[in-house]
Amino acid sequence: MRKFNIRKVLDGLTAGSSSASQQQQLQQQHPPGNREPEIQETLQSEHFQLCKTVRHGFPYQPSALAFDPVQKILAVGTQTGALRLFGRPGVECYCQHDSGAAVIQLQFLINEGALVSALADDTLHLWNLRQKRPAILHSLKFCRERVTFCHLPFQSKWLYVGTERGNIHIVNVESFTLSGYVIMWNKAIELSSKSHPGPVVHISDNPMDEGKLLIGFESGTVVLWDLKSKKADYRYTYDEAIHSVAWHHEGKQFICSHSDGTLTIWNVRSPAKPVQTITPHGKQLKDGKKPEPCKPILKVEFKTTRPGEPFIILSGGLSYDTVGRRPCLTVMHGKSTAVLEMDYSIVDFLTLCETPYPNDFQEPYAVVVLLEKDLVLIDLAQNGYPIFENPYPLSIHESPVTCCEYFADCPVDLIPALYSVGARQKRQGYSKKEWPINGGNWGLGAQSYSEIIITGHADGSVKFWDASAINLQVLYKLKTSKVFEKSRNKDDKPNTDIVDEDPYAIQIISWCPESRMLCIAGVSAHVIIYRFSKQEVITEVIPMLEVRLLYEISDVESPEGEQAPPLPTPVGSANPQPAPPQSHPSTSSSSSDGLRDNVPCLKVKNSPLKQSPGYQTELVIQLVWVSGEPPQQITSLAVNSSYGLVVFGNCSGIAMVDYLQKAVLLNLGTIELCGSSDPYRREPRSPRKSRQPSGGMLIVTSCMCGVSSLYSESVKKLRSSFLNLKETAVFRDDVCRENISSREEQVQWLRSSVTAGLCDISEGTVAPEDRCKSPTSGSSSPHNSDDQQKVNNFIEKAKMSRKLSLPTDLKPDLDIKDNSFSRSRSSSVTSIDKESREAISALHFCETFTRKADSAPSPCLWVGTTLGTVLVIALNLPPGGEQRLLQPVIVSPSGTILRLKGAVLRMAFLDSTGCLMPPAYESWKEHNVPEEKDEKEKLKKRRPVSVSPSSSQEISENQYAVICSEKQAKVISLPTQNCAYKQNITETSFVLRGDIVSLSNSICLACFCANGHIMTFSLPSLRPLLDVYYLPLTNMRIARTFCFTNNGQALYLVSPTEIQRLTYSQETCENLQEMLGELFTPVETPEAPNRGFFKGLFGGGAQSLDREELFGESSSGKASRSLAQHIPGPGGIEGVKGAASGVVGELARARLALDERGQKLSDLEERTAAMLSSADSFSKHAHEMMLKYKDKKWYQF
């Protein structure tokens, strides 16, 4: 008898389970079905590398300013530790301190290609600017004292550092070590003084005597310190606190600004009292009384000119009674005083002068004013002090950015066309001089393709930017709010409950670069279609449509109601004929029960509108209030110039508009759209007829309008807080659903009556077993308040979050554990609320196979929802030409339904060779100019959809649909509708943005996840090519603006004022160094001013000081080691080494090692040559000496 061995059984089970799991993994990537033909994919992992390229925009939260007058480079430090360097237009650089501490002061080593930054964490850093990517060479961390002020004299290597304790330390900037020479506060002030003078707020050396150091303490005490004798020469005392000090260039006078709004001018040799006291903005009282105190003068500069009076330039000092007055910069020149108002608070300012030498006439020519949200340059040489036109792209945040799109490889004529219409929008009155900050050189590398960035803003404006070759320049600005009436007083507010302010804010942008058609969706549930024209037109009446897009859910149907409705006949479009007048005009602001009804959120202008060359309004579409409920915000948008259609959707449903005929073709709730395949099936009630407004506007009634009180409450909850909805929607577990095989549904359409002017939907035949039996089985778990609290604590609340527009906006908050699709049709609040949140999240026009039986592709619209449903709507377009304007477009669903986990984000289509098939488009033509008949006929013909002629494709030449959702990506073979490839992108997080992009003559899917990972996948096989942890989702601004585009480019809004661009292309990373501009250029330092004969004779010129002898280790000794810690920086090649990573990084490191070795060999060669030269010189001198003394006797020496 055979023995039973349990171990073998267990081994067999283990082997079986492991093989099953391997098989399951294989099936996940290649699901069973018909074997798809292999497509050769050229993209490999080596083609990808992620790195930041450039940062554009105004430095967020600026805190410090510096200027190199020889190199003509401007530096700006921020409160987040960022460093932005600006040269000539197109030369910009961004650096970041690792600590993230605020930059409190910046000091250039003038014409040395170096910069010292002082941070709020008491560290000093020395930056090397002689490389395209500046790096830190040295750092010095103060351990026992807080740094408050720094001063580096021109052409000196000794940096004076003032501290909070009132002491001054001296740092050698070459070695970044402390000198033993220290100026202690108790030795600087009067011995009889009983109080501490406060922190050091100013240090500067006398322009005419480098041995005299002027030290300003916060309390009002100023000390002139003799560096050689190590004692105070003079002490100047004033009752008010000091904010800044400035020298006259002759070194005999200096000026102080105080906290009471006064300026005091002192003679160096008269410390008893100031020579003059000025209150620039104080009211001069009679009887010789002291003027009224004013606000503090935060900074003053004293600049002299050769021919005339000196300039005294100051910020602050306004009178306290000027409430609400804007911040000002005051320029006092002789007897004239100019007060220049600024739009934002002044952070700092600098006067640009002709000479870098402090002991010469300064000859100021401009003032750089760093504001809280702007950079202004004032021309001092022209009357009226006009400002220079700023060439940097610093106006991104002119109005807060609410959405962003990025287009690479645009048509070549597009940027010139936008620039030509945008040039007319430029303001007048700028200075006629060239921008004076013109240091550095442009990069040598040039891209062969053009790039355009479009930003949508909170005030309803849309800006087009030329982003080619890592630069940024504004091309054109469009104001979408022009078509609406503005509220003239506070009581006359727009009829919207969606937003409290910014009713024109842009949420979604859809743009076709080839046809130049632009479509925007705004926060007040409005859509505007624009057509580009180079001609100015006056529109008498703005074309407008109002759409009533809301539906109601009928009660739970009884078991007896299982009889199928009759099969309808498929039909077509909205009837353009007017409907008979109704008893209740739709333009009334309230319905029969007193609720606001049929009223749009914004009022379109009824007066003629002058439209300048550029984008001109083609059609305005607005969703209207329904039974007291405001319309839901639009979540997706698409426009197609070839079909003449625009489609948009929200959590109520979907609407399609023919913008050529100005007619609504489709207006359906999401459940109606799904038809009999809807997992949450409900029977629609009888549709209301459309109403014709008295004003002649077309009002379209939803097939399911009118809302029960229960449903109204749920919608109110859904709409109550857009910010909370966004926060809870993003950080939660998504609704996970298993894929089910698609099936063809026989969903037919009722022919709408002529009076209704609509197409209505009715469900097709449904098997009894598909119907739900239990009305209570679909209950959902309540939302966890603790989790909500964690979510709210985690997310940084941005100011504009109320305007967020993402496919995830309207996803369910509730945790749904049941993955089954046969949900109950419960009438409970949670069930209705949950179902009402299925929003339209993705729309894509294409020409493909709509049904399994199709033998040729045809125009259609693919629709994706937030619950992972994908539907197809077939489009029957009339012939082109005049017939297109007369015959209706017929739309009908094909019955195709696919399922994915998570909300559908993006869809695209590939041909049989794996090439991307762009949507059909019509090339741009000037619309406002009549053309010849022959030209008209040519232009009416549509361009082919793809490279291969899709109209002649046979059934064997299949296509692929690429669909990306928040959780997974699928490639569907068409027309068979089999899932050819599938990839689960993430399990624990979700995808925020997914784009199908071209790279290296191939295509891939690029995804950005909420956990910070950037991933790319090959197409069509969805092989993982790149997975890099880049940036965690710290705030919703990133999620709202992140986007990928072709050629390996991507961007996002890194702060409210800055755009960060990055690349995931290995080729671009390699060429980036060539494309970047050079900050440092070799420039000769100007000659020092001539002292003159008499000044040289009588010692009246500048006195020099041997600081090396004074501060060196030999005379002053070593500093205390516990005072500061030296940290070597990763500058130069060392810094680049650390940045390289991965396989490509190894190659880069090898190249760098070779470069470094070559550099060392070159240095060795130079040193060897120098030694040879020295040896030759020594030999020569020795030979001459020998010849000189060889014939002399010993006593002649």
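## A buried arginine and its partner

Arg516 has a relative accessible area of 4% and is therefore buried. In this report, buried stands for under 20% relative accessible area, exposed for over 50%, and partly exposed for values in between, as found with a 1.4 Å probe on protein chains only. The model is predicted, so local features need a pLDDT of at least 70 and side-chain atom pairs count only at pLDDT 80 or more, while totals for chains, interfaces and linings use all residues. Residues are numbered from 1 along each chain as its sequence is written, and side-chain values use heavy atoms, with hydrogens and water left out.

With which residue does the side chain of Arg516 meet in a salt bridge? The partner is Asp413, at 3.0 Å from N to O; a salt bridge is a side-chain nitrogen of Lys or Arg within 4 Å of a carboxyl oxygen of Asp or Glu. This pair links distant parts of the chain, 103 residues apart: Arg516 belongs to the loop between β33 (506-512) and β34 (517-522), and Asp413 to the loop between β29 (401-408) and α3. The names of these elements follow DSSP runs numbered from the N terminus, with helices (H or I) of at least four residues and strands (E) of at least two. Unlike the buried Arg516, Asp413 is partly exposed, with a relative accessible area of 43%.

## Further salt bridges

How many salt bridges does the structure hold? The number is 29. One of them joins Lys433 to Asp379, whose closest N and O atoms are 3.8 Å apart. Here too distant parts of the chain are linked, since Lys433 is in the loop between α3 (414-422) and β30 (451-457) and Asp379 is in strand β28 (residues 375-379), 54 residues apart. Lys433 is partly exposed at 41% relative accessible area, whereas Asp379 is buried at 0%.

Another salt bridge connects Glu341 with Arg326, with 3.3 Å between the closest N and O atoms. Glu341 lies in strand β25 (residues 336-341) and Arg326 in the loop between β23 (311-316) and β24 (328-333), so this pair ties together parts that are 15 residues apart in sequence. Both residues are partly exposed: Glu341 has a relative accessibility of 39% and Arg326 one of 38%.

## The surroundings of His56

A network of salt bridges links Arg55, Arg84, Glu92 and Glu1058. Where is His56 placed? His56 is in strand β1 (residues 48-57), and its relative accessibility of 3% makes it buried.

The side chain of His56 makes a polar contact of 3.1 Å with the side chain of Arg1061. A polar contact is a pair of N or O atoms within 3.5 Å; within protein, one must be able to donate a hydrogen and the other to accept it, and residues adjacent in sequence count only if both atoms are side-chain atoms. Neighbours within four places in sequence aside, His56 is also in contact (heavy atoms within 4.5 Å) with further residues, among them Arg84, Pro393, Ile470 and Glu1058.

## A four-stranded sheet

Strands of a sheet pair through backbone hydrogen bonds, either parallel or antiparallel. In the open sheet of 4 strands ordered β22-β23-β24-β25, the pairing is antiparallel. The edges are β22 (297-303) and β25, each with a single partner strand, so one side of each is left without a neighbour in the sheet.

Two strands count as paired if DSSP finds at least two bridges between them. β22 and β23 run antiparallel and are joined by 6 bridges, and Lys299 has Ser315 in β23 as its bridge partner.

## Two hairpins

Strand β14 (residues 200-206) has 7 of its 7 residues buried, so the rest of the structure largely encloses it. A hairpin through 2 residues joins β14 to β15. The strands β14 and β15 (residues 209-217) are antiparallel and share 6 bridges, and Ile203 has Ile215 in β15 as its bridge partner.

The second hairpin is formed by β31 and β32, with 6 residues between them; Ala469 in the turn has a positive phi of about 55°. Strand β31 (residues 461-466) pairs with strand β32 (residues 473-479) in the antiparallel sense over 6 bridges, and Ser461 stands opposite Lys479 in β32.

## Cysteines

How many disulfides does a search of the whole structure find? The search finds 0, a disulfide being a pair of cysteine sulfur atoms within 2.5 Å. Cys410 is buried at 8% relative accessibility, and Cys512 is buried with a relative accessible area of 11%.
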